[in-house]
Amino acid sequence: KRYKKSLKDKKLNRGLTALTQGFAAIAAGDIKQARTLTSRARSDLNNMPLTKLLAAQTAQLEGKRELTKEHYTSMLGDKETEIIAIKGLLLEAKQDNDINKALFLAEKAYALRPDSDWVILILLELSKKLKRWQTAIDMTKKALKYKLITRENSNRILGLILFEKYIEQSNALSSSHDDDIKSAYKLVPDFTPIVV
């Protein structure tokens, strides 16, 4: 029993060392070393969530985007790595210019970590791109609350969002429509298109 435990402990230690060195190799940009250490870590640690992350990041370093997505997708099932997997897949979706998929993943990340800085900022960026004005306004206010942006930046972003919303709805004459442009002017009085 002691011998079996000793072998198991050695295998675990060897795997953890490979895992640590593998992440170091990725940070250094050493593809060959990262590939070797990923293989060793997976052999010694089986399907431990961190070995999947190491495999995903190694594939990413090698430029194997489909394999990267596969590894990140396999990580979605583990609570420990779910948020990392979502972030990885989200960055891949942005690289593919699949903004709708990126937004879906950003909303999923927001449901898991509503106070995470990167989630708030990426949701703000994607909401503006997809003209989801209310979400963009909410995320701007949240970014200001968490001091991710300054008051000046917040006013500018909100002003431009309200201006874009006004332009989009320029055919509908309503008092709330007028309120958007008035609010935009109060927030960004030096922006010529709003003044006009």
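Which hand does the crossing of helix 1 and helix 2 have? The crossing is left-handed. Keep in mind that this is a predicted model, so read everything below as values computed from it.

## Two helix pairs

Let's stay with that opening pair. The axes of helix 1 and helix 2 come within 8 Å, with a crossing angle of roughly 155 degrees. An angle over 145 degrees counts as roughly antiparallel, and therefore that is what helix 1 and helix 2 are to each other. On the helix 1 side, the contact is made by K11, L12, R14, G15, L16, A18, L19, Q21, G22, A25 and I26. Helix 2 brings Q33, A34, L37, R40, A41, S43, D44 and L45. Sort the residues of this contact by class and you get 10 nonpolar, 5 polar and 4 charged.

Helix 4 and helix 5 make another pair to look at. Their axes come within 8 Å and cross at roughly 150 degrees, so helix 4 and helix 5 are roughly antiparallel to each other. Helix 4 passes helix 5 in a left-handed crossing. From helix 4, the residues in the contact are R65, T68, K69, Y72, T73 and M75; from helix 5, they are E82, I84, A85, G88, L89, E92 and Q95. By class, that contact holds 5 nonpolar, 4 polar and 4 charged residues.

## Helix 3 and its lysine

Helix 3 covers residues 49-62, which makes 14 residues. From first C-alpha to last it reaches 20 Å, close to the 20 Å expected at 1.5 Å a residue. Its buried residues are P49, T51, K52, L53, L54, A55, A56, T58 and A59. What lies over them? The cover of the buried residues in helix 3 includes helix 1 (2-28), helix 2 (31-45), helix 4 (65-75) and helix 5 (82-95). Right after helix 3 comes G63, with a positive phi near 80 degrees.

There's a lysine on that buried list, so is K52 buried or exposed by its own value? With 14% relative accessibility, K52 counts as buried. Setting aside residues up to four places away in sequence, K52 touches N47, H71, S74, M75 and D78. M75 also turns up in the contact of helix 4 with helix 5.

## Helix 8 and its surroundings

Helix 8 (residues 133-145) can be checked for length in the same way. Its 13 residues should span 18 Å at 1.5 Å a residue, and its end C-alpha atoms are 18 Å apart, which agrees. Buried in helix 8 are W133, A136, I137, M139, T140, K142, A143 and L144. Helix 6 (99-112), helix 7 and helix 9 are included in what covers them.

Here too a lysine is buried: K142 has 16% relative accessibility and so falls in that class. Beyond residues up to four places away in sequence, K142 touches Y110, P114, D115 and I120.

Now for S127, which sits in helix 7 (residues 117-129). What does S127 contact, leaving aside neighbours within four places in sequence? The contacts are L103, R132, T135 and A136, and A136 is one of the buried residues of helix 8. Along the sequence, S127 and Q169 are 42 residues apart; in space, their C-alpha atoms are 17 Å apart.

## Lysines and a serine side by side

Here are the relative accessible areas and classes for the residues picked out in this report.

| Residue | Place | Relative accessible area | Class |
|---|---|---|---|
| K52 | helix 3 | 14% | buried |
| S127 | helix 7 | 1% | buried |
| K131 | loop between helix 7 and helix 8 | 46% | partly exposed |
| K142 | helix 8 | 16% | buried |
| K147 | loop between helix 8 and helix 9 | 74% | exposed |

The two loop lysines deserve a word on backbone. K131 has a phi near 55 degrees, a positive value in a residue other than glycine. K147 is also a residue other than glycine with a positive phi, near 60 degrees, and it comes just after helix 8. Helix 9, on the far end of the loop that holds K147, runs over residues 151-168.

Note on methods
Residues numbered from 1 in each chain as written. Predicted model: local features only at pLDDT ≥ 70, side-chain atom pairs only at ≥ 80, totals over all residues. Heavy atoms only, no water. Helix = DSSP H or I, 4+ residues; strand = E, 2+ residues; numbered from the N terminus. Expected span 1.5 Å × (residues − 1). Buried < 20%, exposed > 50% of the residue type's maximum accessible area, 1.4 Å probe, protein only. Contact = heavy atoms within 4.5 Å. Axes fitted to C-alpha atoms, helices over the stretch in contact; angles between N-to-C directions. Parallel < 35°, antiparallel > 145°, perpendicular 65-115°, else oblique. Left-handed = near helix turned anticlockwise from the far one by under 90°. Nonpolar A, V, L, I, M, F, W, Y, C, P; charged D, E, K, R; others polar.
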